[in-house]
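Biologist: I am new to this structure. Could you take me through it in short steps?

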Amino acid sequence: MKVRFFDMQRHLRPIRKVVDQAINEVVDSGRFIGGPAVERFEQEFADLVGTRFAVSVSSGTDALLSTMMAMGIGSGDEVITSPFTFFATAGSIVRTGAVPVFADILPDTFELDPDSVMQRVGRRTRAVIPVHLFGRMAQVEPYLDAGLTVIEDAAQSVLARGPEGNAGGVGSAGCFSFFPAKNLGAFGDAGAVTTNDPELAATLRAVRTHGATKKYYHPMVGGNFRMDALQAAVLSAEMPFLQGWTDARRNNAATYARLFNEAGLSNQGLVTLPGEGDGYFHVYNQYVVRAQHRDALRAFLNDQGIQNAVYYPKPLHLQECFKDLGYKPGDLPRAEQACNEVLALPVYPELKREEIEAVVSAIDQFYKGL
Ligand SMILES: Cc1ncc(COP(=O)(O)O)c(C=O)c1O
């Protein structure tokens, strides 16, 4: 049986009518930039995350960039983050003129390791960006307790929570992405920043419109980082379905865990399943296992038509564009090892039980044939 990594048509079919109607309303209104659709979404999203404010922006990348710009982070500053994340997390730091400082991750959850971060805090440190990777919340409080500014990269983790609170609601700001394949996905690029800080929210609103606090008056330089009204309307229309989609992802993860255990794959250490942890609510934007002989397994699955992905094959500290930062292989061994072992399996909400069975049985077949 062929299994798709994500089937957008299957995902959208049940909600097409409501979303089409929301799109038509925006088209009829003629308000494509700002306006009621955007304001409504911002209120709904702030309520969802449990923060005072949500400022909508053009993407998750721009959420990170505009947050750092609004905080005045730039040349001469350092921002500590994970090397095991999507490029945007570190790329945005560099775009402000600041220097990314990479700390290592914890092996079980792939999250930033607070001890490794603390060893790298210096007088130039302006902020820490923990990444709530794959849908599981990373620790935030150790950094807040140390008096550091924390920007949560919650791009993959809408609705996730942990013992400290909701993803995007604990640090100074939370940065979300609504890229179509995210748990809450727009029909294009979109993002948001959540915060409880009224000054930061106001500065962010200026930053997303070229730093203008009043039309054509610019006390600072910003960019065009606005969310389209059409995307806001799509996201508001989808929001009532988010909890159900998340529950379906969690059910799929539970099914994987059961089937992997039944097949004996997890007990033999061939496949290490993603952990959730007490007090955590994992939203499984990705279902990522560690697999022995990962690349051979990938090739085998691809041959069988079972789609899969590797997030991420190369850690950020070893990316060519960051070579001037001077990192070398072996500097952050846990992140480097993760890059060689991780494998993301299909987990989208509409995935069928037979499809999950087909994935696990193909993996079982691969290891039996070794
Ligand atoms: C961890 C992380 N940070 C930032 C981003 C950037 O979001 P966007 O693609 O909406 O710009 C993503 C998106 O894939 C992400 O996964």
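What follows is a set of questions and answers on two sheets, a ligand site and some loop residues.

Biologist: Is this model predicted or experimental, and what does that ask of local features?
Modeller: Local features are used where pLDDT is at least 70. Side-chain atom pairs count only at pLDDT 80 or more. The model is predicted.

Biologist: In what order do the strands of the parallel open sheet stand?
Modeller: This sheet has three strands, and their pairing is parallel. The edge strands, each pairing on one side only, are β3 (99-102) and β4 (125-129). The twist from one strand to the next averages 30°. The order is β3-β2-β4.

Biologist: Which residue of β3 is the bridge partner of Val79?
Modeller: Strand β2 covers residues 78-81. Four bridges pair β2 with β3 in the parallel sense. In β3, the partner of Val79 is Pro100.

Biologist: What angle does helix α5 make with β3?
Modeller: Helix α5 spans residues 88-95 and packs on the sheet. The helix touches β2, β3 and β4. Its direction and that of β3 make an angle of about 145°.

Biologist: Which residue of β4 is the bridge partner of Thr81?
Modeller: β2 also pairs with β4, in the parallel sense. Four bridges link these two strands. For Thr81, the partner in β4 is Ile129.

Biologist: How many of the five residues of β4 are buried?
Modeller: Buried means under 20% relative accessible area. β4 is largely enclosed by the rest of the structure, because most of its residues are buried: the number is four of the five.

Biologist: Let us turn to the ligand. How many residues surround it?
Modeller: The closest residues are Gly60, Thr61, Asp153, Ser177 and Lys182. In total, the number of residues around the ligand is 14.

Biologist: How far does a polar side-chain atom of Gln156 lie from an oxygen atom of the ligand?
Modeller: Ser177 places a polar side-chain atom 2.7 Å from a ligand oxygen atom. Lys182 also has a polar side-chain atom 2.7 Å from an oxygen atom of the ligand. For Gln156, the distance is 2.8 Å.

Biologist: What share of the ligand's accessible area does the protein cover?
Modeller: On its own, the ligand has 390 Å² of accessible area. Of that area, the protein covers 92%.

Biologist: Now the antiparallel open sheet. Which strands stand at its edges?
Modeller: The sheet has three strands in the order β10-β11-β12. An edge strand here has a single partner, so one side of it is left without a neighbour in the sheet. The edge strands are β10 (271-272) and β12 (342-345).

Biologist: Which residue of β12 is the bridge partner of Val288?
Modeller: Strand β11 covers residues 287-291. β11 and β12 run antiparallel and are joined by four bridges. The partner of Val288 in β12 is Ala344.

Biologist: Which strands of this sheet does helix α11 touch?
Modeller: Helix α10 (residues 242-262) packs on the sheet, touching β10, β11 and β12. The direction of α10 makes about 25° with that of β11. Helix α11 (residues 294-303) packs on the sheet too, and its direction makes about 25° with that of β12. The strands that α11 touches are β11 and β12.

Biologist: Which residue does a cis peptide bond join to Tyr311?
Modeller: Omega of this bond is about 10°. The partner sits in the loop between α11 and α12 (333-341). That residue is Tyr312.

Biologist: Tyr284 has a positive phi. Is Tyr284 buried or exposed?
Modeller: Phi of Tyr284 is near 45°, positive in a residue other than glycine. Tyr284 lies in the loop between β10 and β11. The cut-off for buried is under 20% relative accessible area. Tyr284 has 7%, so this residue is buried.

Biologist: What is the relative accessibility of His293?
Modeller: His293 lies in the loop between β11 and α11. Phi of His293 is near 55°, also a positive value outside glycine. His293 counts as partly exposed, at 47%.

Biologist: Which residues is Pro329 in contact with, leaving aside its neighbours within four places in sequence?
Modeller: Pro329 lies in the loop between α11 and α12. At 66% relative accessibility, Pro329 counts as exposed. Its C-alpha is 8.7 Å from that of His317, 12 residues apart in sequence. The contacts of Pro329 are Leu318 and Glu336.

Conventions. Residues numbered from 1 in each chain as written. Heavy atoms only, no water. Pairing = 2+ DSSP bridges. Axes fitted to C-alpha atoms, helices over the stretch in contact; angles between N-to-C directions. Contact = heavy atoms within 4.5 Å. Buried < 20%, exposed > 50% of the residue type's maximum accessible area, 1.4 Å probe, protein only. Near = heavy atom within 4 Å. Polar contact = N/O pair within 3.5 Å; in protein donor to acceptor, adjacent residues only side chain to side chain. Areas by Shrake-Rupley, 256 points an atom, 1.4 Å probe, with all protein chains shown as cover.
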